[in-house]
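Trainee: I'm new to this one and I'd like to know what stands behind the labels people use. Can we go through them together?
Mentor: Sure, let's have a look.

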Amino acid sequence: MMSGNLARVSNGAALPLKKVPKLSPGAFRDCVIASVASGSRLVALCADEKLQLFAIMADDEAGILGMARTALSKPAYPALTPECPAAQLFEREMAEQQGLLPEGHPWFKPVRGHLPGRPGPDPFGRKPAEVLAGLIPFYRVEGTSIHEVGVGPVHAGVIEPGHFRFQCLGEEVFHLEIALGYQHRGIERALLGGPHAATLKMMESAAGDTTIGHTWAYCQNIEALSGIAPGPRASLIRAIALELERLANHTGDLGALAGDVGFLPTSSFCGRIRGDWLNLSALLCGSRLGRDLVRPGGVGFDLDGDRCLELRTRMEKAWAETQAAVNLLWQAPTVMQRFERVGLLTGEQAQEIGAVGPAARASGLRLDVRLQHPLSGSSQSLIPHGWDDPAGSGGDVFARAWVRWREMHHSIDFLSKAVSALGALGEGKKAERRDRPALGANQVCLSLVEGWRGEIAHLAVTDAGGAFSLYKVIDPSFHNWSGLALAMRGGQISDFPLCNKSFNLSYCGVDL
Amino acid sequence: MHRILLTRLAQGHRTNRMPNVAPPLPDRFRGLPVLDAKACASGCRACEAACPTGAISARKGLHLDLGKCLFCTACTDACPTGAVRFTGDHRLAVSDRKDLRIDSGEGLVLAEAMGKELRRVLGRSLRLRVVSAGGCNGCEVDVNVLQTIVWDLSRFGIQYVASPRHADGMVICGPVTRNMDLAVRKTWAAIPEPKLAFAVGACAISGGPYAGQKEQLGGAAEVVPVDYFIPGCPPHPLTILDGFLRALGRMPDQKTARKA
């Protein structure tokens, strides 16, 4: 159930700002808390430079999205987090970006290690030398037998930087705190007043392993705000690229999970096959990561009949090899013994923190943008349902692996139909390039894309001149990192690499 | 067990034949760009306006900084006369930052191998510590993939290691964020001499799309002395491997080693 105070919005459709009800700060707070209490999900909570707060709520079962806003007269307000835990990181982020103090926030720490863009005092009261990633008051468990383990920012592998602080009793982890921000390169600050010349490239590299997902969400916003439609052919090519991105990453992660439990056949096969999926993205656009494919107004490259045929042939081969490699996992009792009942995230916890994507589905939550909030004009309805399979809802490492495996089947089904459908749409003609069209003034647009890690949310608000007065990028990892911390509680510290990989969250996608 | 062995048989031998035979690249792959100032319509400068990073200049001829280039299609789409085009040449690594600035009709002066003495010490066993410092996980993906069986990096004696104490060099991805400055410096300091630094990707060479942002430093060379620059966004794994092998003097098309 969603509060009546919210304006209904559709995924990827622009709305005049004045149609979003401007609530009093008290009513805004009550509206968000009541919506979450009645089962809605907090998609976004963010503020612009003028202390205007926006909240986006989703009733996923009903496929409804709602938006509300309020204006604060001073940079402080009573925190929502005590009643709505899913708001905790959003409120800390607003404090760090706009200097807004959420009074009574129970876990008030910086997120990325930078100073607010608005002039005024730092709500965290940091000295200049303390404004860096990882400099937060870590939660500590006291006791003579307790020991603390700190890992990172530089990790033992080709991995992005982050700091993990464990509170342990022997092997048992009581608590894990994750400090990010090392990859912070100021994307959202740079977007203000935009779009600029480098904006599209920043969106492609917001999380470089999710190029298609983030760039699609961004382009959808630009298209809705400027009144350009990408057309069915371009939409379908985007959807094909999105599923290829999912297949590549899921294959890589299943292989890496195998590697983390020492099951080398699947690890080594999948490491290679992941490259085959990436090479299919390169078949589309020359880039293994899908760079330069999705752009405002359409796609940079078309797929003619020959290319579709090659795509289908190579896809079928890669899929057969993926199946052979991954099925070894499920048949190995030693692997199952390490996957099952490890790294448990209950459905209740997942809901409370607002988890999204495969991690949330593996804990039994039913949410998928492709099914519940599909973009109009996209063919994502071709994706079959995934949650009729009770095997992948236990919230453990196995469930997170199994959900991905089931999803890969759905992606393949979709690709098969989509490549045929593309042939029926006729040849595409190259559209004139319009990377930075004029945007409508005083508009707001929310675009959601189900990336391989889960819901990617981009919120754009334009000012009277049609420039961004707020642009919010929410990678699924933003919601899910605290899921990893919860999944480690009571587990063994030696299981951390396995649990971490089962979520495989983005650092740069959060740090921005 | 039987099933594992059968699957292994079916998966077959997959390692490519580098350095002697480069694996095929997709037809839409964008490698070394070539500039043709004669074809350039004077005064148009549409490429400059379109370039997201200011990599290309059409003032007094055509000039391109491959360290800033994202190998996107903005300039080629904008150019009305086809004066800029991308070739399929994946070889892009250089050992002098200046060599990445190319002019009309010019090729690239590819990286020189490390000096004789350095080759004696590191030539058959090069251990690298990879540090992501504001990278988007794009370069990291294509650096990492060299460890898979397709590329089998270790057959060249190159390995990624977990500790800088075990390393002979550092691979840096990302523009080096302010928040990673200290970690990059500390990692570099912990690597024993002699050591090499590779900057992989546009961000690590010039800041890439983030150049000018106050949250980053504008590339690895601001923090450590970089020996090799491997451009791209991200560079193809083949381009990265070519860069590593050039440093070792292992590419068949290389002239004799000169770099001290």
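**Why the labels fit**

Mentor: Let's start with His90(B), which is buried at a relative accessible area of 12%. Keep in mind that this is a predicted model.

Trainee: Why is His90(B) called buried?
Mentor: The cut-off for buried is under 20% relative accessible area. His90(B) has 12%, so the label buried fits.

Trainee: Where is His90(B) found, and which residues is His90(B) in contact with?
Mentor: His90(B) sits in the loop between strand 4 (84–86) and strand 5 (101–103) of chain B. Leaving aside neighbours within four places in sequence, the contacts of His90(B) are Ala22(B), Leu25(B), Phe29(B), Leu238(B), Thr239(B) and Asp242(B). Contact here means heavy atoms within 4.5 Å.

Trainee: Now the charged pairs. What makes Asp60(A) and Arg41(A) a salt bridge?
Mentor: The rule wants a side-chain nitrogen of Lys or Arg within 4 Å of a carboxyl oxygen of Asp or Glu. For Asp60(A) and Arg41(A) the closest N and O atoms are 2.7 Å apart, so the pair passes.

Trainee: Which parts does that pair tie together?
Mentor: Asp60(A) is in the loop between strand 5 and strand 6 of chain A, while Arg41(A) is in strand 4 of chain A, so the bridge ties together parts 19 residues apart in sequence.

Trainee: Are Asp60(A) and Arg41(A) buried or exposed?
Mentor: Buried means under 20%. Asp60(A) has a relative accessible area of 9%, so buried is the word. Arg41(A) has 8%, so Arg41(A) is buried as well.

Trainee: What about Glu96(A) and Arg126(A): how do you know that they form a salt bridge?
Mentor: Their closest N and O atoms are 3.1 Å apart, which is within 4 Å, so the rule is met. Glu96(A) lies in helix 2 of chain A and Arg126(A) in the loop between strand 8 (101–103) and strand 9 (146–151) of chain A, so this pair ties together parts 30 residues apart in sequence. Glu96(A), at 1% relative accessibility, counts as buried. Arg126(A), at 12%, counts as buried too.

Trainee: Arg433(A) and Asp435(A) form a salt bridge as well. Why is Arg433(A) called partly exposed?
Mentor: Partly exposed is what falls between the 20% and 50% cut-offs. Arg433(A) has 22%, so that label applies. Asp435(A) has 23%, so Asp435(A) is partly exposed too. Their closest N and O atoms are 2.9 Å apart.

Trainee: How many salt bridges does the structure hold over all chains?
Mentor: There are 47. Some are linked in a network, made up of Glu243(A), Arg246(A), Arg361(A), Asp368(A), Arg370(A), Glu407(A) and Glu450(A).

Trainee: What makes Lys472(A) and Glu93(A) a salt bridge?
Mentor: The closest N and O atoms are 3.0 Å apart, and the limit is 4 Å, so the pair qualifies.

Trainee: Which domains does chain A have?
Mentor: The domain assignment gives domain 1 (1–111) and domain 2 (188–511). Their contact takes 35 residues from domain 1 of chain A and 35 residues from domain 2 of chain A. The area buried between these domains is about 2800 Å², with 63% of it from carbon and sulfur atoms. Asn11(A), Arg41(A) and Asp60(A) supply 21% of what domain 1 buries against domain 2, more than any other three residues. The rule finds 2 salt bridges across this interface.

Trainee: And how many residues does the contact between the chains take?
Mentor: It takes 65 residues from chain A and 56 residues from chain B. The area buried between chain A and chain B is about 4800 Å². Val158(A), Arg185(A) and Arg272(A) lose the most area in chain A, together 15% of what that side buries.

Trainee: How do you know that Asp27(B) and Arg307(A) form a salt bridge?
Mentor: Their closest N and O atoms are 2.6 Å apart, within the 4 Å limit, so they do. Across the interface of chain A and chain B the rule finds 7 salt bridges and 31 residue pairs in polar contact. Helix 7 of chain A gives the most to the side that touches chain B, with 12 residues.

Notes:
Residues are numbered from 1 along each chain as its sequence is written. Chains are lettered from A and ligands numbered from 1 in the order in which they are written. This is a predicted model: local features need pLDDT of at least 70, side-chain atom pairs count only at pLDDT 80 or more; totals for chains, interfaces and linings use all residues. Side-chain values use heavy atoms; hydrogens and water are left out. Domain bounds come from an automatic or database domain assignment. Buried area is the accessible area (1.4 Å probe) that two parts lose on being put together, summed over both. Helices (H or I, at least four residues) and strands (E, at least two) are DSSP runs, numbered from the N terminus. Buried means under 20% relative accessible area, exposed over 50%, partly exposed in between (1.4 Å probe, protein chains only). A polar contact is a pair of N or O atoms within 3.5 Å; within protein, one must be able to donate a hydrogen and the other to accept it, and residues adjacent in sequence count only if both atoms are side-chain atoms.
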